[in-house]
Amino acid sequence: FDHYHSRLVMMATMRSVVCYGPRDYRMEQIAVPQVGPNEVLVKVLAVGICAGDAKCFAGAPHFWGDADRPAYVQPPVTPGHEFIGEVVRLGEGAAEKYSLQMGDHVVSEQIVPCRACRFCLRGGYHMCVPHDIYGFHQHSQGAMATYMKYPANSINHKVSKEIPAWQAAFIEPLSCSIHAVELANIQFNDVVVIAGCGPLGLGMVAAARDKNPAKLIALDMLDWKVRKGEEKLNF
């Protein structure tokens with residue numbers, strides 16, 4: 001993989017979407033991230049656009065704050081938290097820590113935990129109090145760029161190269177769907193209703209079906225979305 005290394009040595013900058021504020025997203029030339037110990041640099045192969053990204057762009061108070069809460073976004077920041085990347089540089093110790101090699105395809109969980117708060121210490125890192133999420137904080141720049149860095153505290157997973165990049169980018173939203181179903185603790189006699197057949201909703205439908213409830217009901221205001229679920233799941 002000297003080809004990748006030589007290109008990175010020559011390339012000091014890269015293209016990136018940069019968020020400065022609501023409806024203020026710019027395509028810019030910025031510095032390629034530098035990696036330190038236990039950090040990974042990847043070439044972004046695919047990135048999704050989450051509903052959260054759209055709401056952030058539109059200026060939702062959940063992201064930009066209001067009279068009752070502070071802003072969550074730390075601009076200027078590169079957005080994008082649904083992604084797959086190819087390893088092009090490994091910081092000291094990263095190969096051993098994550099069992100990665102140059103050229104591997106790898107995803108990183110959207111939350112970069114602190115690993116020190118009470119939730120992290122008991123294994124509930126998804127509830128990390130001072131957590132960073134890719135694409136919103138300075139410490140965890142997102143994937144709408146040529147390259148991105150997985151920080152030292154990130155949780156990374158190697159992905160088979162047999163999975164197309166555009167499908168691998170869906171691992172993050174699908175994991176959110178599965179997590180929601182796991183929290184529901186579905187039992188055999190339950191009637192399960194899932195409202196909304198978008199990408200995450202359909203992921204919940206698929207996961208809930210595997211729990212074998214007594215009845216599974218999927219709702220959406222658009223008939224074609226419900227039909228898509230029927231086609232994919234062979235109801």
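This text walks through a predicted model, from its nonpolar cores and strands out to its surface and salt bridges.

Start inside. In soluble globular proteins, nonpolar side chains tend to be buried together. Here the largest nonpolar core has 14 residues. V40, V42, M148 and Y150 have the most contacts inside it. Four elements give two or more residues each to this core: β3 (40-47), β4 (83-90), α4 (94-98) and β8 (147-150). Of these, β3 gives the most, with three residues.

M148 shows how parts of the chain meet here. Leaving out residues up to four places away in sequence, M148 touches V40, L41, V42 and V44, among others. Its contacts also include P33, F83 and Y134. Q141, G142 and A143 are further partners of M148. Apart from this core lies another, of ten residues. C56, I111, I133 and F136 are among its members.

Now take the strands. β3 and β4 pair in the antiparallel sense over seven bridges. Within this pairing, K43 has E86 of β4 as its bridge partner. β4 is also joined to β5 (residues 105-108), by two bridges, and these strands too run antiparallel. There, G85 stands opposite V106 in β5. β4 is mostly covered, with seven of its eight residues buried.

Next, follow the chain past β8. P151 sits in the loop between β8 and β9 (156-159). Is P151 buried or exposed? P151 counts as buried because its relative accessible area is 0%, and the cut-off for buried is under 20%. Its contacts, not counting residues up to four places away in sequence, are N38, E39, Y98, V112, Y134 and H139. P151 and G36 are 115 residues apart along the chain, yet their C-alpha atoms are separated by 8.4 Å.

The loop before β8 offers another case. Q138 lies between β7 (132-133) and β8. At 39% relative accessibility, Q138 is partly exposed. Beyond its neighbours within four places in sequence, Q138 is in contact with Q74, P75, P76 and V77. W224 lies 86 residues from Q138 along the chain, and 39 Å separates their C-alpha atoms.

Nonpolar side chains also appear on the surface. F170, L174 and I178 form a nonpolar patch there, with about 220 Å² of accessible area together. F170 is found in the loop between α6 (165-168) and α7 (171-184). F170 is partly exposed, at a relative accessible area of 33%.

Turn last to charge. Side chains of opposite charge can pair when their charged atoms come close. The model has four salt bridges. One of them joins K149 and E39, with the closest N and O atoms 3.6 Å apart. This pair links distant parts of the chain: K149 is in strand β8, and E39 is in the loop between β2 (24-31) and β3, 110 residues apart. K149 is partly exposed at 23% relative accessibility, whereas E39 is buried at 12%. E39 is also one of the residues that P151 touches.

In another salt bridge, R26 meets D24, their closest N and O atoms being 2.9 Å apart. R26 is partly exposed, at 36% relative accessibility. D24 is partly exposed as well, with a relative accessible area of 26%. The side chains of D66 and R69 meet in a salt bridge too, at 3.3 Å from N to O. D66 counts as partly exposed at 34%, and R69 counts as partly exposed at 38%.

Methods
Residues are numbered from 1 along each chain as its sequence is written. This is a predicted model: local features need pLDDT of at least 70, side-chain atom pairs count only at pLDDT 80 or more; totals for chains, interfaces and linings use all residues. Side-chain values use heavy atoms; hydrogens and water are left out. A nonpolar core is a set of buried Ala, Val, Leu, Ile, Met, Phe, Trp, Tyr and Cys residues joined through side-chain atoms within 4.5 Å. Buried means under 20% relative accessible area, exposed over 50%, partly exposed in between (1.4 Å probe, protein chains only). Contact means heavy atoms within 4.5 Å. Patches are made of residues with over 30% relative accessible area and no salt bridge: like charges are joined within 9 Å, nonpolar side chains (Val, Leu, Ile, Met, Phe, Trp, Tyr) within 5 Å. Accessible areas come from the Shrake-Rupley method with a 1.4 Å probe; for residues, only the protein chains shown count as cover. Two strands pair if DSSP finds at least two bridges between them.
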